[in-house]
Amino acid sequence: MSAPLLEVEGLEVRIDPEEPGGRPVRAVEGVSFAIERGEVVGLVGESGCGKTLTSLALLGLLPRPRGRIHCGSIRLDGSELTTVSEAERRSLRGQRMAMIFQDPMTSLNPYLRVGEQLIEGSMWHRGVRRRTALDRAEALLARVGIPDAAARLRSYPHELSGGMRQRVMIAMALLSEPELLIADEPTTALDVTIQAQILALLSGLRAERGMSMLLITHDLGVVAGLCDRVLVMYAGRIVESGPVRALFDEPQHPYTRALLRSTPRVDARAAQLESLAGLPPRLDAEPLPGCRFEPRCSFARPACCEAEPQLVGVAGARQRRCIVEPHEFVRPPGDRP
């Protein structure tokens with residue numbers, strides 16, 4: 001069995017305080033996962049749980065000077081990335097790893113035509129001539145479903161619709177045929193029809209190129225339609241992981257259960273959606289001794305306040321960070337023991 005394409009072990013990301021004497025934000029703590037070749041892994045959780053910072057750490061794009069990897073290992077095809085030089089990082093970005101950023105309007109340069117932004121990667125990483133880079137960019141724009149691709153190369157970002165800008169970002173990420181594509185909320189702010197088109201496009205490109213993908217989203221419907229496995233993140237930690245179908249059928253963590261019960265379903269229109277009361281803990285404060293989800297958990301017990309649960313393996317290549325057994329989730333929400 002071949003080694004995973006990407007291996008992350010014990011990753012911790014800190015954001016240093018602006019003022020002297022402040023506490024650093026422990027944005028990501030003890031995150032470990034792997035992505036196999038050709039596999040699509042979903043990373044889900046509430047806003048602010050650390051999903052995007054995890055992806056930025058993989059690419060060496062943490063906000064400077066305050067953002068930093070505190071400890072942990074990131075290996076791409078067996079090579080350690082946390083110790084490479086910035087020049088080596090730049091070489092990897094775009095060639096072997098690429099990212100579709102969350103908001104294409106802020107990721108694209110408003111002063112440059114689309115074509116100029118697309119050819120930069122090819123000319124930098126592959127050393128091709130301008131005409132060759134333009135031809136390749138035009139072909140990729142057509143491949144991602146943009147009509148009249150030659151004319152769009154001469155357009156500015158503000159002249160394109162939201163869906164077209166997102167397709168430009170996908171084309172830009174694919175220019176150097178990366179082995180790993182990181183998609184950070186690729187369907188945010190798009191209407192449902194365009195969302196479906198973008199997801200179908202990503203699925204087709206994955207099958208066509210055999211690339212691995214890390215899909216960051218808060219939409220479990222997107223995960224169900226595209227991913228092989230899913231990682232559930234809460235307050236900077238992975239609280240559950242496993243194959244998508246198994247996780248949807250039998251969630252192993254109360255937080256995953258709450259996310260699923262707050263997701264609309266077309267086959268259950270009469271069912272009332274649940275909301276998750278409370279807020280995640282502050283990550284710049286002294287950590288509580290127990291489970292981070294305990295203040296919001298409907299199934300918490302006294303032991304949950306004593307020590308933070310470890311991420312342990314369960315049957316079916318799954319993991320969970322909880323001492324409550326899944327069969328106990330059948331109790332009505334709010335019925336605390």
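Salt bridges in this predicted model number 28. Three pairs and one network are described here.

The pair of R75 and E7 spans distant parts of the chain. The closest N and O atoms of R75 and E7 lie 3.6 Å apart. R75 sits in strand β4, which covers residues 67–76. E7 belongs to strand β1, residues 6–15. In sequence, 68 residues separate the two partners. Both R75 and E7 are buried.

A second salt bridge joins the side chains of R209 and E208. Here the N to O distance is 3.9 Å. R209 has a relative accessibility of 28%. This value falls between the 20% and 50% cut-offs, so the residue counts as partly exposed. For E208 the relative accessibility is 47%. E208 therefore also counts as partly exposed, being under the 50% limit for exposed residues and not under the 20% limit for buried ones.

R282 and D284 form a third pair, with 2.7 Å between the closest N and O atoms. The relative accessible area of R282 is 61%. R282 is classed as exposed because this value is over 50%. D284 has a relative accessible area of 24%. That places D284 in the partly exposed class, because 24% lies between the cut-offs of 20% and 50%.

Salt bridges also link several residues into a network. Its members are R26, E29, R237, R292 and E308.

Conventions. Residues numbered from 1 in each chain as written. Predicted model: local features only at pLDDT ≥ 70, side-chain atom pairs only at ≥ 80, totals over all residues. Heavy atoms only, no water. Salt bridge = Lys/Arg side-chain N within 4 Å of Asp/Glu carboxyl O. Helix = DSSP H or I, 4+ residues; strand = E, 2+ residues; numbered from the N terminus. Buried < 20%, exposed > 50% of the residue type's maximum accessible area, 1.4 Å probe, protein only.
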